[in-house]
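Please open the model in your viewer and keep the selection panel at hand, since this tour moves from a ligand to a strand.

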Amino acid sequence: MTNFDAVFTRSVEKPEEFWAEAAKGVDWYKECDKVLDSSNPPFYRWFSGGKMNTCYNAVDRHVKNGRGEQTAIIYDSPVTDTVAKISYNELLQRVSVFAGALQSQGLKKGDTAIIYMPMIPEAAVAMLACARIGAIHSVVFGGFAANELAVRIDHAQPKLIITASGAVEGKKILSYKPLIDKAIELSTHKPEKCILFQRDIVKAEMKAGFDLDWKELVGISKPVDCVELEATDPLYILYTSGTTGMPKGVLRDNGGHAVALHWSMKAIYNIDAGDVWWSASDVGWVVGHSYIVYAPLIKGATTVFYEGKPVGTPDAGAFWRVISQHGVKSLFTAPTAFRAIKKEDPSGTFFKKYQIPKFECLYLAGERLDPDTYHWATNLLGVPVIDHWWQTETGWAIAANCRGIEQLPIKPGSPTRPCPGYNLKVVDNEGFELPAEREGNIVVKLPLPPGNLVTLWRNDERFVKAYMSTFPGYYETSDGGYVDKDGYVYVMGRVDDVINVAGHRLSTGAMEEIISNHPDVAECAVLGTNDTLKGEVPLGLFVLKAGVNRDPDVIRKELVQMVRDQLGAVACFKEASNVVRLPKTRSGKILRGTMRAIANGKEFRVPSTIDDPVIIDEITTLFHGMGFPKK
Ligand code: COA
Ligand code: AMP
C-alpha cells in the first residue's frame with residue numbers, strides 16, 4: 001500500500017480520527033465536544049462545541065508565533081504599476097482597525113456584509129475583518145453587473161456594502177460606484193451604509209450620510225480583538241450559479257473550513273509556512289476565497305495578490321515575471337489562462353526571459369484541463385503540472401494529486417485520485433454504483449469532509465433538493481465522469497445547465513431568463529459550446545413572437561447587450577440565432593442536451609419522446625451554417 005493509499009483509507013474509514021488530528025493545525029479557544037455531529041443528516045456539523053476564530057488563525061497567531069515580520073501579502077498590480085508587501089504585523093494592524101471600523105457602523109456577529117472589490121489587498125482586509133468580529137461576508141465578483149449584485153443584496157440582506165471606487169480590467173478603467181448605486185436602487189433590501197475605498201485610478205462621488213470613505217473611517221477607528229466563535233458559526237456566503245437565475249448561497253462555517261484549508265496547503269499543494277504561493281484568480285470566486293486569502297494565510301505562507309491578466313498586462317510573460325520577481329514556489333490558476341498565454345506566445349519566447357529557480361509546481365483547476373494545454377505547460381515549465389477538480393460547494397479539491405502526501409503518476413486528462421475525505425462513487429441515474437471505466441454521475445458518500453458547504457444560506461430546502469435528494473446518502477456533484485482501473489477520476493463535464501466560460505461558472509438558465517424578457521422573444525434556449533480559448537462559450541437560440549417582423553439581427557444585438565448589461569461582460573454571450581422553433585419532447589421540455597451534443601460534434605441519441613424528429617435536421621443544418629462544431 002502506498003503512503004497515499006494509507007492516508008486516504010484512514011480518512012474514509014475513520015474520518016473523525018483523521019480530521020481530529022488535522023484540527024491540531026488550527027488554534028482553538030476551546031476544543032470541540034464532538035468531531036462530527038451526525039445527528040441531523042444530511043446537515044452534518046464538524047467540530048461542534050469547538051470555539052475559535054478564523055481571522056485569529058490567519059493573522060494574529062502568526063504574529064504571536066514570531067512571523068510578524070514575514071510578508072503575508074504581496075500585492076502585484078501591473079495595471080497600476082504597483083508592487084507592495086504587507087507583513088503579518090501590518091496585516092494585523094490593518095485588519096483589527098478595519099474590524100473596529102465595521103463595529104463602529106453597527107456590524108456585529110451574525111450580520112452580513114457584501115464585499116464588491118477588485119483584486120486589491122483591501123479585499124482581504126475586509127474579508128478578514130468580518131471574520132474577526134463574526135460577521136458573515138459575501139464577496140461578489142467584480143465582473144457581475146448591477147442586476148446580479150442586486151439579486152445578491154436582496155438574498156444576503158447585508159447591513160453594509162464594502163467596495164472600492166473602481167477597477168482596472170485589462171486596458172479599461174471601470175467605475176464601481178454607479179454600479180453599486182444602481183444595484184441598491186434595484187434591490188428591495190437597502191443596506192445601511194457603504195464603505196468605499198477611493199483609488200487613485202478613479203474617484204467615486206460620495207453620497208453624504210450613506211457612503212463612508214474607507215481611509216477616513218479607518219483614521220478614526222480603534223483596533224478590536226477577535227470574537228470567540230463557535231466552529232459551526234457561519235464564516236461566509238458565496239453565491240454560485242445554479243440552473244436558474246437565482247444563484248445558490250453556498251454557506252461555509254468557521255472551524256471545518258479552517259481545518260480543511262490548513263491541512264490542504266501541505267497535503268495537496270506541499271506549501272509550508274514561509275513559502276511564497278500564488279493563486280492567480282479573483283477574490284470573487286471560490287479559488288480566491290480559499291487559496292488567495294484563507295488557506296495560505298492560515299498556513300502562515302506568503303500569498304501573491306495579482307491585479308492583472310495572464311496576457312496583455314503588459315504581455316504574455318506576465319506570469320513568468322511575477323513568479324521570478326517574488327520567488328513563487330507554486331502557482332494555481334485556470335487552464336484558460338494558460339491557453340491565453342499559449343495563443344499569444346506558443347513557443348514560449350517570453351518564458352525564456354525569466355529565471356524561476358524556486359518554482360516547483362503548477363496547479364490547474366476550474367475547468368477541464370485539455371491534454372494539449374497540459375503537454376504545452378509541462379514542456380515549457382519543466383515542473384509537474386497538476387490538474388485538480390473541485391467546486392464552489394466543496395471549497396477545496398475533490399480529486400487531486402496530493403503532492404504533500406505522495407506524488408502519484410500523472411495521467412493527462414485526469415485530476416488523479418479522490419482526495420482524502422472524499423468517498424467518491426460513480427452511479428447510474430438510478431443510483432446504482434458503476435464499475436471502473438463506466439461513465440455516470442459522480443457522487444460523494446456523506447458525510448462530506450470539513451470545509452464543504454454546510455447548507456445554502458436561508459435555504460435548507462434547496463440545499464437538500466439540489467445536492468442531497470437525487471442519490472440519498474450521497475452528495476450529487478452534477479459532474480459526469482468515470483473512474484479508471486487505477487482509481488483515477490475523469491471528469492467529463494456538467495450534467496446540468498451550468499457552463500464554465502474562461503474559468504467562470506455561469507448559468508445558461510440565468511441567460512435564458514434575461515433573453516426571454518425581451519418583448520419580441522417567445523422562447524429561447526442557451527447552450528454551452530466548446531471554445532478553444534475559454535473552454536465553453538454560450539450560444540443562444542431564440543424564437544420570435546408571432547407577428548414580430550423586426551430584423552432578427554437587430555434583436556440578436558439587443559439580446560447580446562441585455563445579457564452584458566444584466567449579467568455582465570464575463571458571460572461572453574455573443575452568438576445567438578433566430579430559429580422558427582426549438583426541438584422539444586411531447587411534454588414540452590426543450591432538448592438542450594441534444595442540441596449541445598450536435599453543436600459540439602458529440603454522439604447523441606434522439607429521444608423517443610421528441611415532438612417532431614425533423615427539427616433535429618433543421619438544427620444540425622443551422623449549426624453547420626454557423627460553423628459548429630468548431631474545429
Ligand atoms: N470585472 C469587470 N469585467 C470583467 C472582469 C472583472 N473582474 N473580468 C472579466 N471582465 C470582462 C472583460 O473585460 C471582458 O469584457 P469585454 O467583453 O468588454 O472585452 C469580458 O468580461 C470577458 O472577459 P474574459 O472572459 O475574462 O475574457 P478576456 O479576453 O478579458 O480574458 C483570459 C481571457 C483567459 C485572459 C481571462 O478570462 C482569464 O484570466 N481567465 C482566468 C479566470 C480565472 O482565473 N478563473 C478563476 C478560476 S481558477
Ligand atoms: P466552480 O464552482 O466555479 O469552481 O466550478 C465548478 C465546476 O467546474 C465543476 O463542477 C466542474 O464542472 C468544473 N471543474 C472544476 N475543476 C475541474 C477540473 N479539474 N476538471 C474538469 N472540470 C472541472
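A polar contact is taken here as a pair of N or O atoms within 3.5 Å, and the model on which such pairs are computed is a predicted one.

Begin by selecting ligand 2 together with Asp-479, where an N or O atom of the side chain lies 2.5 Å from an oxygen atom of the ligand. Add Arg-494, whose side chain places an N or O atom 2.7 Å from an oxygen atom of ligand 2, and then Asn-500, which has a polar side-chain atom 3.0 Å from a ligand oxygen. Of the 490 Å² of accessible area that ligand 2 has on its own, the protein covers 94%.

Next, widen the selection to the 15 residues that surround ligand 2, with His-388, Thr-392 and Arg-505 listed among the closest. This shell is made up of six charged, five polar and four nonpolar residues.

Now leave the ligand and select strand S8, residues 160–164, which is largely enclosed by the rest of the structure because five of its five residues are buried. In a regular strand, side chains alternate between the two faces of the sheet. If you colour Leu-160, Ile-162 and Ala-164 on one side and Ile-161 and Thr-163 on the other, you will see that both faces of S8 are covered.

Finally, show the neighbouring strands in turn. Strand S6, residues 112–116, runs parallel to S8 and is joined to it by four bridges, with Ile-114 standing opposite Ile-161. Strand S11, residues 193–197, is also parallel to S8 and is joined to it by five bridges; there, Leu-196 is the bridge partner of Thr-163.

Notes. Residues are numbered from 1 along each chain as its sequence is written. Chains are lettered from A and ligands numbered from 1 in the order in which they are written. This is a predicted model: local features need pLDDT of at least 70, side-chain atom pairs count only at pLDDT 80 or more; totals for chains, interfaces and linings use all residues. Side-chain values use heavy atoms; hydrogens and water are left out. Buried means under 20% relative accessible area, exposed over 50%, partly exposed in between (1.4 Å probe, protein chains only). Helices (H or I, at least four residues) and strands (E, at least two) are DSSP runs, numbered from the N terminus. Two strands pair if DSSP finds at least two bridges between them. A residue is near a molecule or strand if one of its heavy atoms lies within 4 Å of it. A polar contact is a pair of N or O atoms within 3.5 Å; within protein, one must be able to donate a hydrogen and the other to accept it, and residues adjacent in sequence count only if both atoms are side-chain atoms. Accessible areas come from the Shrake-Rupley method with a 1.4 Å probe; for residues, only the protein chains shown count as cover. Ala, Val, Leu, Ile, Met, Phe, Trp, Tyr, Cys and Pro count as nonpolar, Asp, Glu, Lys and Arg as charged, and the others, Gly among them, as polar.
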